[in-house]
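Here are a few short exercises to work through with the structure open. Try each one yourself before reading the solution.

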Amino acid sequence: MSETVRLICPMGRKQGELWAGGVLAVAGIAVVAAAPAFWGSLLLGAVLVLGGAALAWHGYRIAVPVLEVEDDEFRYTRGRYIVRIPFADVGSYYVLPGRTRSLGLCDTTGRPRIFPSVEGRRANRPYLPLTRRTSPAKVDAFMSAAGIPPRDRSLTSGSGPA
C-alpha cells in the first residue's frame, strides 16, 4: 500500500473546552468594555479572560487518537504514545462497544495483540482507546480501506450445515 489512509477520531471534549474558553474570554472582554471605570468589572473581566485562556489552553493540549496506514505499517498515535505494527502482522480487528470505544487488533492467527497502557500504568491492554464520538462505522470504513478484515466472532466455523 503506497497511499496513506488516515482516521482522526473526533474529540467532543476538546472542541467543547476550546469553544467554552473562547466564550469565557469574549465575555470577560465584554464585561470590561461595559464598565471600564468600575474596579469590580475589571476584576471580573480579568478572571473571565484568564479562566477562558486556561480552559482553551487545556483543550488545545488534549491528544486526539489518529489511526493511520502508510508504507506497509499500521500506526496509532495519541499525543506522544505511538504504536507501530508492520501491516503484515495485523490479521483482523474488532471494535469494543461502550462509553469510550476502543480498537482491538488481532495477529494473523486470530489472537488479540497486547499493547502497553496509554495512560502510563503498568497494566497492558488488548485494545487501543478511541473516543466517545468515534463511530464504529467510520472505523469499519477505515479498516476496509486499509485492507484489514473484521474479526469473525461467530462460534461456528462458518461452513454452514453439513
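**Exercise 1.** Work out the handedness of the crossing of α1 and α2, and how the two helices run relative to each other.

*Solution.* Start with the hand: α1 and α2 cross in a left-handed way. Next, get the geometry from this predicted model: α1 covers residues 12-34 and α2 covers residues 39-61, and they pack at about 160° with axes 7 Å apart. Anything over 145 degrees counts as roughly antiparallel, so α1 is roughly antiparallel to α2. Last, sort the residues of the α1 contact with α2: 15 are nonpolar, eight polar and three charged.

**Exercise 2.** Find what UniProt lists for residues 18-36, then check the model's secondary structure there.

*Solution.* First, the record: an unreviewed UniProt entry lists this stretch as "transmembrane region". Now the model: residues 18-36 are 89% helix and 0% strand. The C-alpha atoms at the two ends of the stretch sit 27 Å apart.

**Exercise 3.** Place Val95 in its strand and list what Val95 touches beyond four places in sequence.

*Solution.* Val95 belongs to β5, residues 92-96. Skipping residues up to four places away, Val95 touches Arg101, Ser102, Pro136, Val139 and Asp140. For a C-alpha distance, take Ala137: 42 residues from Val95 in sequence, 9.8 Å in space.

**Exercise 4.** Do the same kind of search for Arg132: which residues is Arg132 in contact with, leaving aside neighbours within four places?

*Solution.* Locate Arg132 in the loop between β9 (128-129) and α3 (136-146). The contacts of Arg132 are Arg99, Thr100 and Arg101. For Arg101, the C-alpha separation from Arg132 is 5.9 Å, across 31 residues of chain.

**Exercise 5.** Decide where pLDDT stays under 50.

*Solution.* Take the overall picture: the chain averages a pLDDT of 84, and 89% of the residues score at least 70. Then look at residues 154-162, where pLDDT stays under 50. The model has zero contacts beyond four places in sequence for that segment.

Methods. Residues numbered from 1 in each chain as written. Predicted model: local features only at pLDDT ≥ 70, side-chain atom pairs only at ≥ 80, totals over all residues. Heavy atoms only, no water. Axes fitted to C-alpha atoms, helices over the stretch in contact; angles between N-to-C directions. Helix = DSSP H or I, 4+ residues; strand = E, 2+ residues; numbered from the N terminus. Parallel < 35°, antiparallel > 145°, perpendicular 65-115°, else oblique. Left-handed = near helix turned anticlockwise from the far one by under 90°. Nonpolar A, V, L, I, M, F, W, Y, C, P; charged D, E, K, R; others polar. pLDDT = per-residue confidence, 0-100. Contact = heavy atoms within 4.5 Å. UniProt positions renumbered as here; feature names shortened; annotations may be inferred.
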